[in-house]
Every structure is written in structure tokens, then in C-alpha cells.
Number of protein chains: 2
Amino acid sequence: MPRPSNPEVRKRLLAAGLDLIHSRGFAASGVKDITDAAGVPKGSFYAYFPSKEAFAAAVLDAYWIDIETRLVPILHGDGSVQERITRFFHALADDHEAANFLLGCLIGNLSLELSSSSEPIRAQLISVLERWGSGLAACLRSGELRADLDADDIASRLIEAWEGAALRGKMIRSRIPYDRFEADTIPALLR
Amino acid sequence: MPRPSNPEVRKRLLAAGLDLIHSRGFAASGVKDITDAAGVPKGSFYAYFPSKEAFAAAVLDAYWIDIETRLVPILHGDGSVQERITRFFHALADDHEAANFLLGCLIGNLSLELSSSSEPIRAQLISVLERWGSGLAACLRSGELRADLDADDIASRLIEAWEGAALRGKMIRSRIPYDRFEADTIPALLR
């Protein structure tokens with residue numbers, strides 16, 4: 001039997017999956033919850049995705065593509081390296097604040113929930129972080145970075161410190177850790 | 001009916017719960033899995049803990065008390081502030097490496113999994129982070145910290161950057177992010 005390929009259904013499943021997995025986590029989001037939220041029959045899920053893991057990897061990819069489309073261009077816009085990097089993370093923090101800090105970063109959430117138990121999702125997480133790191137490193141290389149600093153290394157440390165700030169922001173439901181990261185950690189790491 | 005109070009059973013439940021919740025997460029660890037691993041009848045779980053959430057809060061408390069007992073003394077031992085802080089986080093990274101980076105930090109794991117869905121666990125997480133931050137801030141105040149730096153603020157940023165490093169360490173199963181945090185982020189934040 002040929003697989004159905006209604007792009008609209010696939011899109012609805014991914015959007016519903018993003019909402020659910022982002023807010024509840026992977027284990028707590030059942031396939032039936034996802035198909036109910038998307039308004040499609042449960043059986044159609046496996047017509048579009050071979051497994052729930054493959055589905056979560058696709059959700060993660062869509063999550064990152066959205067950030068890449070909306071926010072990564074900031075890294076290559078006007079201003080000094082520090083200004084552009086600060087503006088990028090500020091916009092990301094705005095996303096978190098718009099959800100009242102209840103969702104956090106999907107990349108961070110899935111990293112801690114699934115890195116030990118799902119190889120396909122772990123591979124997707126690693127790929128997304130590489131893309132994110134490359135974007136930051138390209139920005140760092142375009143500017144006044146000191147010769148003794150390594151752009152890839154700083155990009156990794158920025159992402160890691162930001163994920164930690166987002167973790168605390170989700171825990172205390174506050175912008176404070178994000179502001180602290182912007183005001184103090186970014187300058188400290190670029191100094 | 002009076003609640004049973006065999007401290008040995010309570011201890012076995014907590015130890016089994018720590019293993020399971022640390023490796024699989026909260027949602028993926030069923031009460032039956034926990035009682036099976038502890039070798040006690042399922043019914044006895046609720047004789048010791050009013051809910052699975054209360055149980056996870058107790059597991060988290062035990063997890064932190066273990067770190068507090070073994071590792072926090074390093075913060076108040078010999079050496080400069082930077083040496084003591086580096087040694088503390090190094091020992092914590094040793095714990096993660098001993099588990100082949102499969103477990104990560106229970107505090108980080110539960111923060112991202114449950115901050116939006118469980119108030120009792122969120123309260124316990126906030127309390128643990130406050131205790132951790134106080135220990136680090138006391139260490140910072142005991143040394144040569146610059147007058148314009150705020151000890152509580154730096155303590156928070158150290159914890160957040162470390163949680164982010166641990167998140168990536170779990171994802172890529174490697175000591176690299178921990179080493180990077182130790183060699184570069186700690187000095188940058190204390191500078």
C-alpha cells in the first residue's frame with residue numbers, strides 16, 4: 001500500500017507534536033494525544049512517520065528551522081559581534097518569555113530526556129547543535145575576536161551557558177537568568 | 001491504620017528511584033518499576049510516600065545531600081577560590097563520567113522535565129539550587145573576589161553554565177564540555 005502524502009496532514013501532525021512535546025516532554029506525549037490535537041485519525045500517524053522517535057526528530061528539525069529562519073539572520077546583520085550575539089540570544093529569550101517560561105528550549109528539554117535512550121533523537125540533537133554552533137562561530141569570525149580565542153570553542157560555550165540559563169529560567173519562570181547571561185556571561189566569554 | 005515506618009524499606013525505595021529516575025526520567029519510571037527494583041510490594045510505595053511527585057522530591061533531596069556531603073566540603077578546603085571551585089566542578093564531572101555520561105545531572109534533568117507540570121518538584125528544585133548557590137557564594141566571598149562582582153550572581157552563573165555543559169556532555173557522551181567549562185568558563189566568570 002503506498003504511503004499517503006498529504007503535506008497538510010504531515011504539517012498539522014508536526015505542529016501538534018511541537019506543542020505537546022515542548023510543553024509535556026516526549027514520554028508524556030502519547031501518539032493518540034498528538035493525532036487528537038492534530039485532528040487526524042490515530043492510524044495516520046504511522047503512515048507519515050515510521051516511529052514516534054522519527055517523529056520527534058522531525059519536530060526538532062522543524063523547531064530549529066524556525067529559529068534558523070527567524071533569528072540566525074540577526075547574527076549576520078549590523079553591529080559588532082557582541083551586539084549581534086546579544087541580540088540573537090535576546091530574541092530567543094523573548095520566545096521563551098512569550099510562553100511564560102513554561103516551555104524552555106526544546107533542544108535542551110529533549111537532550112536531557114532522550115540522549116541516553118534514543119539514538120535517532122540524539123543524532124538529530126547533535127546535528128542541530130552543530131548547525132547552531134556554526135552560525136555563532138561564523139558571526140564570531142566576522143568580527144574583532146582576539147587571535148588567541150577559538151570561535152568554535154566560544155560558540156559552544158555560549159550555547160552551553162545559554163542552555164543552562166534557559167534551564168533555570170524554566171525552573172524559576174523568570175527572565176533573570178537570561179538577562180544575567182546577556183549582561184554578564186556573553187561579555188565575559190568574548191573578553 | 002498507622003503508616004509503616006521501616007527506614008530500610010524507605011531507603012531501598014529512594015535508592016531504586018534514584019537509579020531509575022536518573023537514567024529514564026520521571027514520566028518513564030513507573031511506581032511498579034520502582035517497587036520491583038527495590039524488591040518491595042507495589043502497595044508499600046504509598047505507605048511511604050503520599051505521591052510519586054513527593055517521592056521524586058525526596059529522591060532529589062537525597063541526591064543533593066549526597067553531593068553536599070561528599071563534594072561541597074571541597075569549596076571550603078584549601079586553595080584559592082578559583083582552585084576550590086574548579087576542584088568542586090571537576091569532582092562533579094567525575095561523577096558524570098563514572099556513569100559514562102548517560103545520566104547527566106538529576107537536578108537539570110528534572111528541571112526540564114517537570115518545572116512546568118509539578119509544583120512540589122519545582123519547589124524542591126528551587127530549594128536545591130539555592131543551597132548549591134549559597135555554598136558557591138560562601139566560597140567566593142572567602143577569597144579574592146573583585147569588589148565590583150556579586151558573589152550570588154556569579155554563583156548562579158557558574159551553576160547555569162555548568163548545567164549547560166552537563167547537558168551537552170550527556171548529549172555527546174564526552175568530557176569535552178566539562179573540560180571546556182573548567183578551563184575557560186570558570187576563569188572567564190571569575191575574572
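Helices here are DSSP runs of type H or I with at least four residues, and strands are E runs of at least two, both numbered from the N terminus. This is a predicted model, in which local features need pLDDT of at least 70 and side-chain atom pairs count only at pLDDT 80 or more, while totals for chains, interfaces and linings use all residues. Residues count from 1 along each chain as its sequence is written, chains are lettered from A and ligands numbered from 1 in the order in which they are written, and side-chain values use heavy atoms, with hydrogens and water left out.

**Stop 1: B:Asp95**

Select B:Asp95, in helix α6 of chain B. Its relative accessible area is 29%, so B:Asp95 is partly exposed. That term covers the range between buried (under 20%) and exposed (over 50%), with a 1.4 Å probe and protein chains only. Now show its contacts, meaning heavy atoms within 4.5 Å. Beyond its neighbours within four places in sequence, B:Asp95 touches B:Arg70 and B:Leu71. Add B:Ile67: it lies 28 residues from B:Asp95 in sequence, and 9.8 Å away from C-alpha to C-alpha.

**Stop 2: the loop after α6**

Move to B:Phe101, in the loop between α6 (81-98) and α7 (106-114) of chain B. B:Phe101 is not a glycine, yet its phi is positive, about 60 degrees. B:Phe101 is buried, at 7% relative accessibility.

**Stop 3: B:Leu60**

Select helix α4 of chain B, residues 52-70, and pick out B:Leu60. Its relative accessible area is 0%, so B:Leu60 is buried. Which residues does B:Leu60 touch, not counting those up to four places away in sequence? They are B:Leu106, B:Ile107, B:Leu110, B:Ile121, B:Gln124, B:Leu125 and B:Val128. For contrast, add B:Ser44. B:Ser44 and B:Leu60 are 16 residues apart in sequence, and 20 Å apart from C-alpha to C-alpha.

**Stop 4: the core**

The largest nonpolar core has 134 residues. Such a core is a set of buried Ala, Val, Leu, Ile, Met, Phe, Trp, Tyr and Cys residues joined through side-chain atoms within 4.5 Å. Select A:Phe89, A:Trp132, B:Phe89 and B:Trp132, which have the most contacts inside this core. Zoom in on B:Trp132. Leaving aside neighbours within four places in sequence, B:Trp132 meets B:Trp64, B:Phe88, B:Phe89, B:Leu92, B:Ile107, B:Ile159, B:Trp162 and B:Glu163. In soluble globular proteins, nonpolar side chains tend to be buried together.

**Stop 5: both chains**

Show chains A and B together. A turn of 180 degrees and a shift of 0.0 Å along the axis lay chain B on chain A, with an RMSD of 0.0 Å. The two copies are therefore related as by a two-fold rotation axis. The superposition is by least squares on the C-alpha atoms of residues with pLDDT of at least 70 in both.

Next, select A:Ser156, in helix α9 (residues 151-172) of chain A. A:Ser156 is buried, with a relative accessible area of 12%. Its contacts beyond four places in sequence are B:Arg168 and B:Arg180.

**Stop 6: α10 against α10**

Finish with residues 176-190, helix α10, in chain A and in chain B. Which residues meet here? A:Thr185, A:Ala188 and A:Leu189 face B:Thr185, B:Ala188 and B:Leu189 across the contact. These residues divide into 4 nonpolar, 2 polar and no charged. Here Ala, Val, Leu, Ile, Met, Phe, Trp, Tyr, Cys and Pro count as nonpolar, Asp, Glu, Lys and Arg as charged, and the others, Gly among them, as polar.

Conventions:
Axes are lines fitted to C-alpha atoms, for helices over the stretch in contact, and angles run from 0 to 180 degrees between N-to-C directions.
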